[in-house]
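Please look through the structure shown here before reading on, and keep it in view while the paragraphs below take you along it.

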Amino acid sequence: RILTGRMRASGKLEEEAHRLSADRARLAGDLDRATARADRLDGVAEEVSRRLVDAMESVRSVLENGEARG
């Protein structure tokens with residue numbers, strides 16, 4: 001009877017270890033996808049920032065040229 005109880009407990013521990021391993025693999029995949037998305041968003045943010053600077057420089061140039069003529 002003691003041996004049977006230990007075998008059941010061992011089986012439950014093994015099942016729990018498999019569940020934890022599967023959860024870990026799922027979470028690692030989620031983290032990889034989130035990291036890749038964050039990297040893409042960083043790239044997009046850098047591009048938007050660069051374009052805003054370009055636009056501001058263009059507006060400044062137009063305004064300066066207009067003032068020089070006016």
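Is E16 buried, partly exposed or exposed? In this predicted model, E16 has a relative accessibility of 33% and therefore counts as partly exposed, because that class covers values between the under 20% of buried residues and the over 50% of exposed ones. The partner of E16 in a salt bridge is R19, with the closest N and O atoms 2.7 Å apart, and R19 is itself partly exposed at 46% relative accessibility. The two residues, R19 and E16, stand 3 residues apart in helix α1, so about one helical turn separates them.

Further along the chain, the side chains of R33 and D30 form a salt bridge as well, at 2.5 Å from N to O, and these residues are likewise 3 residues apart in helix α1, about one helical turn. Here R33 is exposed, with a relative accessible area of 53%, whereas D30 is partly exposed at 33%.

A third pair to find is D54 and R50, whose side chains meet in a salt bridge of 2.9 Å, N to O; both lie in helix α1, 4 residues apart, which is about one turn of the helix. D54 counts as partly exposed at 34% relative accessibility, and R50 is partly exposed at 43%. Both residues also belong to a network of salt bridges that links E47, R50, R51 and D54, and the count of salt bridges comes to 6.

Finally, turn to the nonpolar side chains: V44, V48, L52, V53 and M56 make a surface patch of about 440 Å². Of these, V48 is placed in helix α1, which spans residues 2–69, and V48 counts as partly exposed because its relative accessibility is 45%.

Notes. Residues numbered from 1 in each chain as written. Predicted model: local features only at pLDDT ≥ 70, side-chain atom pairs only at ≥ 80, totals over all residues. Heavy atoms only, no water. Patch = residues over 30% accessible without salt bridge, like charges linked within 9 Å, V, L, I, M, F, W, Y side chains within 5 Å. Areas by Shrake-Rupley, 256 points an atom, 1.4 Å probe, with all protein chains shown as cover. Salt bridge = Lys/Arg side-chain N within 4 Å of Asp/Glu carboxyl O. Buried < 20%, exposed > 50% of the residue type's maximum accessible area, 1.4 Å probe, protein only.
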